[in-house]
Amino acid sequence: MNIDGLSIFFREAGSSNNPTIILLHGFPSSSHMFRDLIPCLADHYHVIAPDYPGYGNSSMPSTVEFNYTFENLSLIIEELINKLCISHFLLYVHDYGGPIGFRLAVRNPERVLGFVIQNAVADEKGLGKPFDLFKALWADRNPVTEAAFSTLTTFEFTKKQYLTGVCQPYLVGPDGFSMDQFFLDRPGNSQIQLELGYDYRKNVELYPLWQKYLRTYQPPTLITWGKYDFIFTLEGAHAFSNDLKYIETYYLCGGHFILEEQSRQISVLIKRFFDSFYN
């Protein structure tokens, strides 16, 4: 779909007569990360999984042509949802999908039916060791901190994100990290990732606002957390319980990309949790 002159790719499944769930991917991934989850949800939900500008199969304008901020990514996704005539929706957020999804929710609290949160945070205690490179960049953006940050876009780190903390390594094939690296290695993409990494500081500044949204609107929230994630901490998962009443939290055996091992189990949890609210 054309959104503000950009071609935005999305995967769609299930009947539009069913409740819609929007799947928002993380770094350095795309809607491809949901390839196993989508068919598990399609019998119960209308599923939309977009690729952000600069990711997956969507347009990748240069940083001169498009201002890569989380605010702008969220506005593109909001316009996609509007053009698809989706009035109400559940949000499934992972990693970078968190800042995008929480922005959508703050702007449209009456439209959000609930959250599924997979290793995404709204509390600074949730930022793990790799965020030291982000924080150094925020404190002093210079060639040294930029070069250090760029290590996060290497094949070594991409593969590490997929394989660290896994419990069933034989289930984690190379498709995920190979696909991600293919898109990361496109000319100009490293600059896009650098701009978003620097902009991430604004997400941290908004954490109090997102926490206030959660306390005020109390969206039913299901936490499906890869408990051996080295990027976002268990404290980040615990923190949501401080603000929410209608919450269930599951610490699943696996790492940052828990869907590589637990897509079917997570689909069962989603159906059971939200059926209790909306059926």
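Visitor: How are helices and strands assigned here, and how many of each are in the protein?

Guide: Helices (H or I, at least four residues) and strands (E, at least two) are DSSP runs, numbered from the N terminus. This is a predicted model, in which local features need pLDDT of at least 70 and side-chain atom pairs count only at pLDDT 80 or more, while totals for chains, interfaces and linings use all residues. Residues are numbered from 1 along each chain as its sequence is written, and side-chain values use heavy atoms, with hydrogens and water left out. Counted in this way, the protein has 10 helices and nine strands.

Visitor: Why is the protein described as being as compact as a globular protein of its length?

Guide: The globule rule is 2.2 Å times the number of residues to the power 0.38, and the radius of gyration is taken over C-alpha atoms. For 279 residues the rule gives 19 Å, and the protein is as compact as a globular protein of that length because its radius of gyration is close to this, at 17 Å.

Visitor: Is Asp-199 buried or exposed, and which residues does Asp-199 touch?

Guide: Asp-199 sits in helix α8, which covers residues 189-217. Buried means under 20% relative accessible area, exposed over 50%, and partly exposed in between (1.4 Å probe, protein chains only), so Asp-199, with a relative accessible area of 4%, is buried. Taking contact as heavy atoms within 4.5 Å, and not counting residues up to four places away in sequence, Asp-199 touches Tyr-68, Thr-69 and Phe-70.
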